[in-house]
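Subject: A structure to look at

Hi there,

Here is the structure I promised to pass on to you. Have a look at it first, and then read on for my notes.

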Amino acid sequence: FNAYLDGARFRNVNWNFLNFATIFWSSTARGTNKAWAHGMNEQNPSVSYYPSAKSNAFPVRCIKD
C-alpha cells in the first residue's frame, strides 16, 4: 500500500500537511460528532489512530473483500 501525502482539511477551513502527511477515515464512529481516523506521515513510519471531528475532510480508502 502506497499512501500519497495529500494532507487533510480541518473543519473545512484549512488544508494542512500537503506533501508531509495524510489522514484516512475509518468506518467506525466515535460518538455523534467524531469518527476514528488513521494518520501517516513522512517522518514517522507508523500509523496513528485517533478520534477526529466529522467536520474534517479526510480521504477514504475502499477495500474490496
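Let me start with a question: does Ala37 count as buried or exposed, and what is its relative accessibility? Ala37 counts as buried because its relative accessibility is 0%, and the cut-off for burial is under 20%. Please keep in mind throughout that this is a predicted model.

**The chain as a whole**

The chain has five strands and zero helices, so its pattern along the sequence reads simply β-β-β-β-β. Its radius of gyration is 12 Å, which agrees with the value near 11 Å that a compact globule of 65 residues would have. Along the principal axes, the C-alpha atoms fill a box of roughly 35 × 30 × 20 Å.

Of the 65 residues, 25% count as buried. The chain exposes about 4,900 Å², and carbon and sulfur atoms supply 50% of that area. Among the contacts with a separation of 6 or more, 28% are between residues 24 or more positions apart.

**The sheet**

Three of the strands form an open sheet in the order β3-β4-β5, with antiparallel pairing. Its edge strands are β3 (21-29) and β5 (48-53), each of which pairs on one side only. On average, and with direction ignored, neighbouring strands in this sheet are turned by 35° against each other. As general background, strands of a sheet pair through backbone hydrogen bonds, either parallel or antiparallel.

You can follow the pairing strand by strand:

- β3 and β4 (residues 34-41) run antiparallel and are joined by six bridges. Ile23 has Gly39 in β4 as its bridge partner, and Ala29 has Ala35 in β4.
- The hairpin of β3 and β4 has four residues between the strands, and Gly31 takes a positive phi near 80° there.
- β4 and β5 also pair in the antiparallel sense, over six bridges. Here Trp36 has Pro51 in β5 as its bridge partner.
- β4 and β5 form a hairpin too, with six residues between them.

**The core, and back to Ala37**

Which residues make up the largest nonpolar core? There are six in all: Ala8, Ile23, Trp25, Ala35, Ala37 and Phe58. Strands β3 and β4 each supply at least two residues of this core.

Ala37 is found in β4. Leaving out residues up to four places away in sequence, Ala37 touches Ile23, Phe24, Trp25, Ser26, Ser48, Tyr49, Tyr50, Ser52 and Phe58. One of these deserves a closer look on screen: Ala37 and Tyr49 are twelve residues apart in sequence, and their C-alpha atoms are 5.7 Å apart in space.

**Ser52**

Another residue to find is Ser52, in strand β5. Why does Ser52 count as buried? Its relative accessibility is 6%, and burial means under 20%. Apart from its neighbours within four places in sequence, Ser52 is in contact with Trp25, Asn33, Lys34, Ala35, Ala37 and Phe58. That list includes Trp25, Ala35, Ala37 and Phe58, which belong to the nonpolar core.

If you would like a route through the model, begin at Ala37 in β4, go on to Ser52, which Ala37 touches, and then pick out the six residues of the core.

Enjoy exploring it!

Best wishes

Terms used. Residues numbered from 1 in each chain as written. Predicted model: local features only at pLDDT ≥ 70, side-chain atom pairs only at ≥ 80, totals over all residues. Heavy atoms only, no water. Pairing = 2+ DSSP bridges. Axes fitted to C-alpha atoms, helices over the stretch in contact; angles between N-to-C directions. Rg over C-alpha atoms; globule rule 2.2 N^0.38 Å. Buried < 20%, exposed > 50% of the residue type's maximum accessible area, 1.4 Å probe, protein only. Contact = heavy atoms within 4.5 Å. Areas by Shrake-Rupley, 256 points an atom, 1.4 Å probe, with all protein chains shown as cover. Core = buried A, V, L, I, M, F, W, Y, C linked by side-chain atoms within 4.5 Å.
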